[in-house]
Structures are given as structure tokens and as C-alpha cells.
Amino acid sequence: MSDIRADEHGTGEAGFGDFVALLKPRVMSLVVFTALVGIAVAPGAVHPMVAFASLLFIALGAGASGALNMWWDSDIDTIMRRTRRRPVPQGRVAPGEALGLGLALSGLSVVMLGLAANWAAAGLLAFTIFFYVVIYSMWLKRTTPQNIVIGGAAGAFPPMVGWVAVTGGIALEPVLMFALIFMWTPPHFWALALFMRDAQGRDDYGRAGVPMLTVTHGRRVTRAHLLAYTLALVPVALGAGITAIGGPLYMAVALVMNALFVLGAVRIWRRDEAAAAADDFAVEKRFFRFSLLYLFAHFGAFLAEAMLAPLGFGGW
Amino acid sequence: MALGRDHELHRRRGGRNTGVALALGALIVVIFGLTVAKVERGEPLEAYDHSFRPSLMEYAE
């Protein structure tokens with residue numbers, strides 16, 4: 001028992017929950033849901049156990065990239081209010097442990113997805129991990145204000161991986177599901193960037209030296225970009241509805257959701273900083289929360305169309 | 001500071017060990033389930049095993 005690093009608070013000895021936190025369970029839940037939809041709407045059938053295992057290993061791959069991201073970003077995670085309670089900045093998990101866990105789970109998830117489903121899906125999962133860790137975290141995040149625009153692709157791959165796990169190939173529908181998340185990511189994160197400030201009103205990303213649009217081009221430009229990307233998202237969301245994975249239900253959901261999303265973006269665009277500060281960024285926070293519902297509703301509608309199809313209702 | 005057996009560090013370490021054991025157990029169950037699923041889906045498995053079996057002979061036309 002002499003190897004225990006003991007102090008009054010017991011810090012430095014991670015619990016199992018700390019390692020789970022390294023996998024970013026909240027992000028993972030979104031990955032699981034969108035990948036599940038990718039699997040469910042894909043044409044063809046796989047054994048339920050293969051589908052379950054594919055979903056599990058896609059989620060594990062996402063968790064692995066989360067752990068690698070926490071290893072690489074531990075310096076700026078310490079600075080930002082949003083991230084300073086993560087296990088590595090708190091000192092409960094050493095950066096090397098996060099790296100080891102991330103690498104091990106990356107290898108395990110890719111190999112197991114290859115064995116469970118097919119090697120095309122495994123390759124795509126490996127590319128997703130590479131994209132998130134190397135292209136986004138190591139390269140783009142700290143060098144360009146377009147970081148989350150391009151980096152958003154990493155979060156957009158899971159439904160495509162799920163589709164490929166079932167079919168073994170790419171089609172228009174998974175590309176549109178990818179595009180939906182890809183175009184949704186900038187408004188989602190820019191809304192977050194607008195209200196993430198410390199008690200002195202300083203931008204969270206600015207203090208960490210991350211060149212978010214709010215830092216490099218100002219908040220006025222960010223509001224305009226948020227609106228522009230929201231408008232560009234609409235044709236993607238509606239376009240997906242006229243493919244084989246869409247249907248009347250999806251179109252109804254998409255029409256309502258996109259109308260409300262554009263309305264929220266216009267409200268954000270029209271506000272000035274004084275008005276935003278006066279109500280503690282209420283509109284921006286509401287838009288951010290709604291963006292989560294927006295994505296959930298679209299993919300939920302895809303899923304509903306697929307579930308209704310055997311009953312003769314789903315699809316066109 | 002005396003370290004009792006029930007110190008918080010022991011609890012955390014115990015929890016971590018239990019978590020890892022459960023995760024590994026779950027992985028084994030998943031791999032076993034996958035194996036069963038793949039074997040079920042495949043054709044009947046029969047191959048050369050050092051003894052003569054007529055069912056493996058090709059039928060003469």
C-alpha cells in the first residue's frame with residue numbers, strides 16, 4: 001500500500017467515473033443517437049447483435065477521440081470556465097493516462113468495428129478519430145477562426161459510419177445526414193461562444209488563445225455568420241427530406257424546426273451586445289438549447305420514417 | 001496520516017478495478033454474442049478435420 005499518493009482530499013487517484021468523463025459521455029450520446037439512425041435508415045438488414053456491436057464500437061471510437069482531445073487540450077482546458085472541471089485539468093487523471101486510454105480505445109474500436117461489421121466502416125471510423133484529433137484539435141482549433149466549421153465534420157461522420165456498417169458503401173442519404181450535422185455545427189457552437197464569458201465579461205475562448213470567430217472577427221461578425229450558416233442549413237435539412245430516408249413526417253418536422261431555427265438566428269443577428277448583456281444572453285442561450293432539440297428532432301424523424309415503413313406509413 | 005483500509009483512495013481504486021472488470025466482462029459478452037450471431041448467419045460450418053466425411057466429397061456429375 002506504499003504506492004498510494006495520499007493527501008487529505010484524495011486527489012491524484014482517479015475513480016472509474018473520471019475515465020468515463022474522459023470519453024465525453026454527453027458528446028457520445030449524440031454520436032450514439034445519430035449513428036443509430038444511420039444504421040436504422042440504411043437499406044438492408046443486419047443481425048441485431050451486429051447492429052448493437054457496431055453502435056457500441058462507433059461510440060467507443062468517439063469516446064477515444066474525446067480522451068485524445070482532452071490529452072492534447074489539457075493546457076487550454078485549465079483556462080476555460082467550461083472545461084476546467086474536466087479530469088485532466090483537475091489533476092485526477094494524468095495527461096499520459098488520457099493519451100494511453102485514447103490510443104487503446106481507438107485501436108480497439110476500429111478493429112472491433114471491422115470484425116463486427118466491415119472494414120469500410122472501420123476505415124471511416126479511423127478517419128473520423130484522425131480528423132477530430134489531428135485535423136481539428138491539433139491543427140485547426142488553434143490556428144483558424146474557421147476551426148469549428150471544418151472541425152464540425154468530425155461530429156458529422158457517425159451516421160455515415162452507421163450507414164456504411166450496414167451497406168458497406170456510401171450513398172446520397174448518408175452524405176446528406178453528414179451535411180446536416182456539418183452545417184448545424186457552426187451556429188450551434190457560435191451561439192455557445194457568444195455567451196461563454198467569465199464574470200468580467202471576457203470571452204472564454206479569447207483567454208485560452210483559441211481563435212474563435214468571436215475573438216478574431218468580433219461578436220457582430222459572429223452573429224452575421226451564425227445567421228448565414230443557419231440559412232445555408234435549411235436547404236440541406238429540407239433536401240434530405242426528399243430522399244429515400246425522408247417522408248411526410250420528416251418534412252413536417254423539418255419545416256417547423258427550420259422556421260424556428262431561422263427565427264432564432266435572426267433574433268441573434270438583430271441584437272447588439274448591450275441588449276444581449278442586459279438579459280444575460282437569454283436569446284443566445286435559448287438558441288443553443290434549441291439547436292440540440294433541432295438536431296434530435298431531425299434524426300428522430302428519420303428514425304420514425306424508418307420505423308413506420310414496415311407498417312406502410314413511412315417514406316414517400 | 002495513517003492509511004486505513006477504508007481510506008477514500010482505496011474506495012476509488014476499488015471502484016476503478018470493479019469498473020474495469022465489468023467493462024472487460026461486457027466486452028467478452030459482446031464478442032461472444034457477435035460470434036454466435038455470425039455463426040448463426042453463416043452456412044453450416046464443415047471443413048477438413050483429418051477424418052473422411054462423404055458430405056465433403058464433390059458429387060460426380
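## A:Val20 and its exposure

In this predicted model, A:Val20 is partly exposed, with a relative accessible area of 33%. That value lies between the limits of 20% for buried and 50% for exposed residues, which is why A:Val20 falls into neither of those classes. The residue is located in helix 1 of chain A.

## A nonpolar patch on the surface

A:Val20 also belongs to a nonpolar surface patch, together with A:Phe16, B:Val20 and B:Leu24. The accessible area of these residues together is about 300 Å².

Two helices each contribute at least two residues to the nonpolar patch. One is helix 1 of chain A, covering 16-22, and the other is helix 1 of chain B, covering 8-41.

## The two domains of chain A

Chain A is divided into domain 1, spanning 14-169, and domain 2, spanning 171-316. Taken over C-alpha atoms, the centres of these two domains of chain A are 21 Å apart.

## The interface between the domains

Within chain A, 32 residues of domain 1 are in contact with 38 residues of domain 2. About 3,000 Å² of area is buried between domain 1 and domain 2 of chain A, and carbon and sulfur atoms give 78% of it. On the side of domain 1 of chain A, the residues that lose the most area to domain 2 are A:Arg81, A:Arg82 and A:Ile148. Together, these three residues account for 19% of what the domain 1 side buries.

How many salt bridges does the rule find across the interface of domain 1 and domain 2 of chain A? The number found across this interface is zero.

Notes
Residues numbered from 1 in each chain as written. Chains lettered and ligands numbered in written order. Predicted model: local features only at pLDDT ≥ 70, side-chain atom pairs only at ≥ 80, totals over all residues. Heavy atoms only, no water. Patch = residues over 30% accessible without salt bridge, like charges linked within 9 Å, V, L, I, M, F, W, Y side chains within 5 Å. Areas by Shrake-Rupley, 256 points an atom, 1.4 Å probe, with all protein chains shown as cover. Salt bridge = Lys/Arg side-chain N within 4 Å of Asp/Glu carboxyl O. Helix = DSSP H or I, 4+ residues; strand = E, 2+ residues; numbered from the N terminus. Buried < 20%, exposed > 50% of the residue type's maximum accessible area, 1.4 Å probe, protein only. Domains from an automatic or database assignment. Contact = heavy atoms within 4.5 Å. Buried area = accessible area lost by both parts, 1.4 Å probe.
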